[in-house]
Amino acid sequence: MTKRNKIIYWIATLWLALGMTVTGVVQLIKMKEEVDMMNHLGYPVYFLTILGIWKILGVIAVLIPKFTLLKEWAYAGFFFAMSGAVFSHLACGDASIALFGPTLLLVLTIVSWYFRPLERKLILVQS
């Protein structure tokens, strides 16, 4: 892995971890704005707890060494959660500013996943 790719990976991964941690905590404590947004999007409020827990567990999985299969699941979860958020806002006709946060986290998820070091990748063994 080149030095440039390592830098790209760590910048994207740290920003992703920060974004997912902050939004996960905000969802866990059920800030009024988050509750209002969930109601607006048509989701039950208890969904905030599920998302918050999954995001924090996903951050831990992405940052700790080893456990490559778990990392793949965490990246997939981040991708599904953020793409779902983007499409939910689009379906509700929200202003484009509402798409910024989930789109940024979606891009950071893809960049972090793509540039992850070999030791953080799932290696398929062919027989």
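Is the crossing of α1 and α4 left-handed or right-handed? I looked it up in the model and found it left-handed; that word applies if the near helix is turned anticlockwise from the far one by less than a right angle, and right-handed if clockwise.

**Basis.** I am working from a predicted model, in which local features need pLDDT of at least 70 and side-chain atom pairs count only at pLDDT 80 or more, while totals for chains, interfaces and linings use all residues. Residues are numbered from 1 along each chain as its sequence is written, and side-chain values use heavy atoms, with hydrogens and water left out. Helices are DSSP runs (H or I, at least four residues), numbered from the N terminus.

**α1 against α4.** I found helix α1 (residues 3-28) packed on helix α4 (residues 68-91) at an angle of about 60°, with the axes 13 Å apart. Axes are lines fitted to C-alpha atoms over the stretch in contact, and angles run from 0 to 180 degrees between N-to-C directions. I therefore entered the pair as oblique (under 35 degrees is roughly parallel, over 145 roughly antiparallel, 65 to 115 roughly perpendicular, the rest oblique). On α1 the contact (heavy atoms within 4.5 Å) is made by Tyr-9, Thr-13, Leu-16 and Met-20, and on α4 by Tyr-75, Phe-78 and Met-82. I sorted these residues into six nonpolar, one polar and no charged.

**α4.** I checked the length: 24 residues at 1.5 Å a residue should span 34 Å, and the end C-alpha atoms of α4 are 34 Å apart, which agrees. The expected span is 1.5 Å times one less than the number of residues. Buried residues (under 20% relative accessible area; exposed is over 50%, partly exposed in between, with a 1.4 Å probe and protein chains only) include Tyr-75, Phe-78 and Met-82. Also on the buried list are Lys-71, Glu-72 and His-89. The cover over the buried residues of α4 includes α1, α2 (32-41), α3 (46-63) and α5. After α4 I noted Gly-93, with a positive phi near 70°.

**α5.** The 19 residues of α5 (residues 97-115) should span 27 Å, and the end C-alpha atoms are 28 Å apart, which agrees. Among the buried residues of α5 I listed Leu-105, Leu-106, Thr-109 and Phe-115. Their cover includes α1 and α4.

**Positive phi outside glycine.** Lys-30 has a phi of about 55° and sits in the loop between α1 and α2. I entered Lys-30 as partly exposed, at 33% relative accessibility. Phe-67, with phi near 50°, lies in the loop between α3 and α4. I entered Phe-67 as exposed, with a relative accessible area of 56%.

Conventions
Helices (H or I, at least four residues) and strands (E, at least two) are DSSP runs, numbered from the N terminus. Ala, Val, Leu, Ile, Met, Phe, Trp, Tyr, Cys and Pro count as nonpolar, Asp, Glu, Lys and Arg as charged, and the others, Gly among them, as polar.
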